[in-house]
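Student: Please give me a close look at one part of this protein: the way its interior is packed. I would like one connected account.

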Amino acid sequence: MAFNSPQRVQKEFIGVVGLGCIGGSIACALSKTQKYNIIGVDNDVDILQYAFERNYIQLGHTDLNILKDCQVVFVCTPIDTVSEIIGQVYKIVGAQAIITDTASIKAPILQSLPAGVRFVGGHPMAGSEMGGIKAAKDYMFENAYYVLTPHKDTAKEDLERVTELTRELRALPVIVDEHTHDYTVAKISHLPHMAAYSMVNLCIDSDLSRTLAAGGFRDITRIASSPSKMWLDIVRLNKENVLSQLNGLIKELDELSKNIQNDEYETLRQKFESARIKRESIEKDKGRFYSLRIDVKDVPGIIAKITLLLYKKKINIKNIYIENSREGESGGALVVSFENARARDVAVEVLRKKRFNVKTE
């Protein structure tokens, strides 16, 4: 079944294979620029219908042959299918199109590319543990890092073109080789998922622990809600790097256990302080350190009230989230970040006038 807009203008064709959360977000964001005709391919006709009705795509089909006129094709299918799909797309588009992907493991994919393919590996560091087309957003990649891993035969102009497209997604492109990428994501993405799975399985073992698992526990284990099939494939494809990082964590936890057992509290203090400083440096490196914390009650409309106050003063919010949320009605802390110190200081003044308890960072 084909989806085809009769109003489609002759613009550059960009294909997106796999309209899940990531593929749907790419299609939506690029379609919104009004510079391209987006061609979507998915096995699920209902997903194609959903994307077409919302103008994420201007043309859609379950058959990859619809991509034959594309200049760029994004492959956004499950990681265990990416290499096969790249080969199928290449047979259709040949060397006329650049093919890129969004898989979170790069080396196995780059090592199995068909000869002659124009390919740039890609991995947007964004998404949601709740996948699917309905989780897609045109702003999904805004201010998120988008890692690009060119093949040794990737032409400079092809890398530049894909880099340009990531900027049109409002992402921040970072270019590294595939091995550095896979090692690094094992540390900062794959290991945290393994730890989250382990913590949930260890700690949520009774009705009481399930009831008392509040803000802090939920925050650090949220990613355990990610699709298990996807993470099985990631572990399989990045096995050696994941094992290396798991062994490092086991060693670190073993040392921590010995420190506690031996009452080595000064050593513990140094470790805690080192971790605190390193954690804060992450936010500073990302330019998100113009923040404030607002103590809020757990009442309907409180977040809307705060954001409306800031909106009326034309203060742009860069990031917002709830920290240390607690059960019942005791509330939590709303953390709001701004692009510069002046915006933060104006926000503090506005909120304090309304008797909010505000602390700055």
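Tutor: Happy to! A residue is called buried when its relative accessible area is under 20%, exposed when over 50% and partly exposed in between (1.4 Å probe, protein chains only). By that rule, 42% of the 361 residues of the protein are buried. This is a predicted model, where local features need pLDDT of at least 70 and side-chain atom pairs pLDDT 80 or more, while totals for chains, interfaces and linings use all residues. Residues are numbered from 1 along each chain as its sequence is written, and side-chain values use heavy atoms, leaving out hydrogens and water.

Now to the core itself. The largest nonpolar core (buried Ala, Val, Leu, Ile, Met, Phe, Trp, Tyr and Cys joined through side-chain atoms within 4.5 Å) has 35 residues, of which Leu19, Ile26, Leu30, Tyr56 and Phe74 touch the most other members. At least two core residues come from each of strand 2 (12-17), helix 1 (21-32), strand 3 (36-41), helix 2 (45-53), strand 5 (72-75), strand 8 (145-150) and helix 5 (156-168); these are DSSP runs numbered from the N terminus, helices (H or I) of at least four residues and strands (E) of at least two. Helix 1 gives the largest share, seven residues.

Tyr56 shows the packing nicely: beyond neighbours within four places in sequence, its contacts (heavy atoms within 4.5 Å) are Gly24, Ala27, Cys28, Ser31, Ile38, Tyr50, Ala51, Ile133 and Ala136. A second, separate core holds 31 residues, including Val17, Val73, Ala97 and Trp231. Across the protein, 68% of contacts with a separation of 6 or more join residues 24 or more positions apart.
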